[in-house]
Number of protein chains: 2
Amino acid sequence: MSAAVGDAEREARLGLSCVVEPGSLEVARAVAEHGAIAVWAGLRGGSGALARRASALDLTAVARQAVDAGARFVIPGDAEWPRGLDDLGAVSTRAITPAELGGLPLGIWLRGPASVAARSVAIVGSRASTAYGEGVAADLAADLAEAGVAVISGGAYGIDAAAHRGALAGGGATVAVLACGVDVAYPQGNASLLAAIAAEHLVLSELAPGSHPTRVRFLARNRLIAAATSAVVVVEAAHRSGARNTASWARALGRPLLAVPGPITSAGSVTPNQLIRDHVAEAVTGAADVLEIIGRAGEDLAPELPPDAPRPVDALPADLLGLFEALPGRGGIAAGDLALRLARELPRVIIDLGRLEEAGLALQLPDGRWKIRPGGAG
Amino acid sequence: MSAAVGDAEREARLGLSCVVEPGSLEVARAVAEHGAIAVWAGLRGGSGALARRASALDLTAVARQAVDAGARFVIPGDAEWPRGLDDLGAVSTRAITPAELGGLPLGIWLRGPASVAARSVAIVGSRASTAYGEGVAADLAADLAEAGVAVISGGAYGIDAAAHRGALAGGGATVAVLACGVDVAYPQGNASLLAAIAAEHLVLSELAPGSHPTRVRFLARNRLIAAATSAVVVVEAAHRSGARNTASWARALGRPLLAVPGPITSAGSVTPNQLIRDHVAEAVTGAADVLEIIGRAGEDLAPELPPDAPRPVDALPADLLGLFEALPGRGGIAAGDLALRLARELPRVIIDLGRLEEAGLALQLPDGRWKIRPGGAG
């Protein structure tokens, strides 16, 4: 805890982050204008509930609790400060609700041996998820993790937990960004998952150790998820969902916003399908799409066929196609029989069989009969 | 059968349509350049298999079979000629495979009491459909039918059949466009469905009564589905599917191409999801989206909320949001208790409660306590 050893800037930011609600645009602006030290001094010298809380704050006790929690406090400029967060200092929150919430964090708390990776993808979605959404989140996370991309999520039930678990299963990095202290097991049911992430990877929060989540803190937290990542993927979310708020942050921050299509009959796919329909998000059908969009071609992932790539067969003129269709896949047929069956002149059929052979679609057997060339129609 | 009573143009087109494979661009171009009468006369005076077939054609027998089948032959300029088909005379087939297949039909056969509606939507997809795809196709068709939009499809198993059945269930119009004669029950399992469509609505084909389907005829048929409709919706189709061919025709003809998102884990949703992902098709999540795109606002369909329409609550500044969150939905809470609970000054809390009341979010009870205004947060 460098804050306990006399770094005035660090101490001011630590103090502010302990008494001010996260995401206060007002405080963020004051700090940007006057500096954290002046704002902290002004707050402690003022009156009102906040000032009383600031004066009563025991930074030594905070430092002790942080040590107990295994948490470190990181401020802008520190090596571990995720560079993406800096974008929060400049972005307009006008298109985001509530518009009064935003701004550069005063500092962040980290717990765990890792740092935020330069290349990471946020996988977000509903707590009330379906088996489809959880399966997709886990698979996507595992594939991204295997491709060396860290998976960031919010540590909640449902899609978040599936994404973290998928990343762990894929042997990759994962970061849980919480709306409570990095030492607080919330939700309780994810306690062991969060402990595993803290033990091997990273838990991140804007809130001091011991802090509990509130709705406003969830909203403030969402901006960190969007800012810390290279792209945000909405896997499953109902019409009203926190994932929509994270999506708005991604848009405001210029992060690619991606969404996974799902059944139009599923409430959980309403938000991703709407984001895609309204051209707010790009549709992704797997990790390869995500990797392509964040500009890192997954060399080990098989490239998909372009949607309209013609098969050799599709390129055939109608008369050759009719002839090709008449060829058997097994055994063989004589050219004369083909001519009879198709009511075409034999010389024409023989010429056309030659053209099919040239195109790699037909094969003449040793006995002179013809069949489809295996693999030629694929 | 006007063709049997001396109309040379009609007789020429009838004759040609009986001996030439549908979708022969070569013949369509010759007819456009020289007229059907000249092409028909030239063909009958020529040599080769086609000429022999033309000379042997018994138009009286064709007419008799048509009467037996309840089929009528319609040519460009007739009142019943679907105007959309005319677009086939001008469109380039370069982006479509096979590129040699296309052109204005020589004529079409109709069976059933209806005509092709001015406003219709094609619902297309795989024969190998899932319960999801069939349910979506049927619901979409029923909703479109109820909104007065005819549903066009190909009479096949799977998505086609579900679309036709949905339209019938919705009490609306439906048209089956076949790759065989309008009197041929193909596939056999859809015989009663096709009979019902012919009895109450319309079966359409480019092929003479009694003709059987071939792969080329399916491909030729697909262009009629796209051309006859206001938009094409791909509900479910695997990576390789005839629906992709119909989709290419829709694009070439400038018809809106729509697709229904589905699970990325379902083979049946691979094509619609890819078309959406690649911005080839617009995603639709229901009939309202389709109606909006074809320019007919469904007045009886509830408009959906725009994706980012802020709720009043979402627009609240963080401090008001915290106060709103502390209000009970049932019973009430005194302002003084709120101030204690939130550690805020009482005058501030009273002022903010007034602001929430103004925003329609808080309600003061007769006893002075406060609660959430019912419906205010929705």
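## Exercises on a predicted two-chain model

Chain A is divided into domain 1, residues 65-293, and domain 2, residues 313-372. The model is a predicted one.

**Exercise 1.** State how many Å apart the C-alpha centres of domain 1 and domain 2 of chain A lie.

*Solution.* Begin with the bounds: domain 1 covers 65-293 and domain 2 covers 313-372. The distance between the C-alpha centres of these two domains of chain A is 58 Å.

**Exercise 2.** Determine which annotation covers residues 100-293 of chain A, and describe that span.

*Solution.* The annotation comes from an unreviewed UniProt entry and reads "domain: Smf/DprA SLOG". Within residues 100-293 of chain A, 39% is helix and 18% is strand. The C-alpha atoms at the ends of this span lie 31 Å apart.

**Exercise 3.** Establish how chain B is superposed on chain A.

*Solution.* Step one is the operation: a rotation of 180° with a shift of 0.1 Å along its axis places chain B on chain A, with an RMSD of 0.3 Å. Step two is the conclusion: the two copies are therefore related as by a two-fold rotation axis. Step three locates the axis with respect to chain B: the C-alpha of B:Gly262 is the nearest to it, at 2.3 Å. Step four concerns the contact residues: 98% of those of chain B recur in chain A, so that the same surface serves both copies.

**Exercise 4.** Classify the crossing of helix H13 of chain A with helix H9 of chain B as parallel, antiparallel, perpendicular or oblique, and sort the residues in contact.

*Solution.* Helix H13 of chain A spans residues 318-326, and helix H9 of chain B spans residues 215-228. Their axes come within 9 Å and cross at roughly 140°. Angles over 145 degrees count as roughly antiparallel and those from 65 to 115 as roughly perpendicular; H13(A) is therefore oblique to H9(B). On the H13(A) side, A:Ala318, A:Leu321, A:Gly322 and A:Glu325 take part, and they meet B:Arg215, B:Val216 and B:Leu219 of H9(B). Sorted by type, the residues of this contact are four nonpolar, one polar and two charged.

**Exercise 5.** Locate A:Pro187, B:Pro98 and A:His279, and describe the backbone at each.

*Solution.* A:Pro187 lies in the loop between strand E5 (174-178) and helix H8 (191-200) of chain A. The peptide bond leading to A:Pro187 from A:Tyr186 is cis, with omega near -5°. B:Pro98 is placed in the loop between strands E1 (71-74) and E2 (108-111) of chain B. The bond from B:Thr97 to B:Pro98 is cis, with omega near -10°. A:His279 belongs to the loop between helix H11 (270-277) and strand E9 (282-283) of chain A. Although A:His279 is not a glycine, its phi is positive, about 60°.

Note on methods: Residues numbered from 1 in each chain as written. Chains lettered and ligands numbered in written order. Predicted model: local features only at pLDDT ≥ 70, side-chain atom pairs only at ≥ 80, totals over all residues. Heavy atoms only, no water. Domains from an automatic or database assignment. Axes fitted to C-alpha atoms, helices over the stretch in contact; angles between N-to-C directions. Helix = DSSP H or I, 4+ residues; strand = E, 2+ residues; numbered from the N terminus. Parallel < 35°, antiparallel > 145°, perpendicular 65-115°, else oblique. Contact = heavy atoms within 4.5 Å. Nonpolar A, V, L, I, M, F, W, Y, C, P; charged D, E, K, R; others polar. Least-squares fit on C-alpha atoms with pLDDT ≥ 70 in both. UniProt positions renumbered as here; feature names shortened; annotations may be inferred.
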